[in-house]
Amino acid sequence: MPILPACPRIVTCHDLIPLLFIEFYARRRPHLARLRRLPQELVRYHGARRIVVVSETTRHDLHRLLGVPEANIDVALLGIDAATFQSHPEPEEKPALEREYQLDRTYVLYVGSGDPRKNLPFLVEAFAANGLAGPTVVALAGALHAGHRPAVEDAIHWCGLRGEGDV
């Protein structure tokens with residue numbers, strides 16, 4: 001995005017995760033990484049005529065972290081058109097994927113990042129509390145952050161479950 005745009009612009013912000021949780025994304029020296037990124041974000045959002053965000057939380061984060069006036073921010077919740085976005089797999093696709101990922105029984109699929117802000121130990125606890133363990137497994141699609149792995153493994157152990165595969 002140009003620093004000095006020739007015309008007014010509208011900017012979309014999905015989240016400020018790289019500022020909020022920089023310790024998960026910066027390879028080293030998170031404090032310095034935040035200081036380097038902050039001016040870019042200030043220019044991006046304060047230079048926009050309007051900002052579209054995908055949640056009230058992001059709206060509040062922009063105001064709290066960057067001082068953007070809430071009156072300049074519009075919330076447009078994300079959604080899909082179910083008629084357009086439907087899966088139509090080939091008949092052999094599902095069994096092949098289930099074999100490849102050892103999903104030979106009923107499963108709950110989690111798709112997302114595996115860092116602490118997603119609270120995967122709570123997912124494990126909720127899964128165990130609902131009595132789904134045994135015939136049902138939780139399949140995590142996404143990398144589990146190395147620093148978060150012990151908490152997830154502790155939850156698995158505490159709930160009397162067993163971790164298989166990459167967990």
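Select glutamate 41 and arginine 44 in helix 3: they are three residues apart there, so about one helical turn separates them. (Helices are DSSP runs of H or I with at least four residues, strands are runs of E with at least two, and both are numbered from the N terminus.) What you have open is a predicted model, where local features need pLDDT of at least 70, side-chain atom pairs count only at pLDDT 80 or more, and totals for chains, interfaces and linings use all residues. Residues are numbered from 1 along each chain as its sequence is written, and side-chain values use heavy atoms, with hydrogens and water left out.

**Stop 1: helix 3**

Keep that pair on screen. Glutamate 41 and arginine 44 form a salt bridge, with their closest N and O atoms 3.1 Å apart. (A salt bridge here is a side-chain nitrogen of Lys or Arg within 4 Å of a carboxyl oxygen of Asp or Glu.)

Now add arginine 37. It forms a salt bridge with glutamate 41 too, and the closest N and O atoms are 3.0 Å apart. These two are four residues apart in helix 3, so again about one helical turn lies between them. Their side chains are also joined by a polar contact of 3.0 Å. (That's a pair of N or O atoms within 3.5 Å; within protein, one must be able to donate a hydrogen and the other to accept it, and residues adjacent in sequence count only if both atoms are side-chain atoms.)

Is glutamate 41 buried or exposed? It counts as buried, because its relative accessible area is 4%. (Buried means under 20% relative accessible area, exposed over 50%, and partly exposed in between, with a 1.4 Å probe and protein chains only.) Arginine 37 is partly exposed at 29%, and so is arginine 44 at 25%.

Next, show Leu19 and Leu66. Glutamate 41 is in contact with both, leaving aside its neighbours within four places in sequence. (Contact means heavy atoms within 4.5 Å.)

**Stop 2: helix 4**

How many salt bridges does the whole structure have? A search finds seven. For another one, select arginine 59 and glutamate 56, whose closest N and O atoms are 3.7 Å apart. Both sit in helix 4, three residues apart, about one turn of the helix. Glutamate 56 is partly exposed, at 40% relative accessibility. Back in helix 3, salt bridges with shared partners join Arg37, Glu41 and Arg44 into one network.

**Stop 3: valine 54 and the cysteines**

Jump to valine 54, in the loop between strand 2 (50-53) and helix 4 (56-66). At 16% relative accessible area, valine 54 is buried. Show what it touches beyond residues up to four places away in sequence: Cys13, His14, Val75, Ala76, Leu77 and Leu78. Try a distance on cysteine 13: it is 41 residues from valine 54 in sequence, yet their C-alphas are 7.1 Å apart in space.

Cysteine 13 is buried, at 1%, while cysteine 159 is partly exposed, at 21%. How many disulfides does a search of the whole structure find? Zero. (A disulfide is a pair of cysteine sulfur atoms within 2.5 Å.)

**Stop 4: a patch on the surface**

Finish with Tyr107, Leu109 and Val111, which make a nonpolar surface patch of about 290 Å². (Patches are made of residues with over 30% relative accessible area and no salt bridge; like charges are joined within 9 Å, and nonpolar side chains (Val, Leu, Ile, Met, Phe, Trp, Tyr) within 5 Å. Accessible areas come from the Shrake-Rupley method with a 1.4 Å probe; for residues, only the protein chains shown count as cover.) Valine 111 lies in strand 4 (residues 106-111), and at 62% relative accessibility it counts as exposed.
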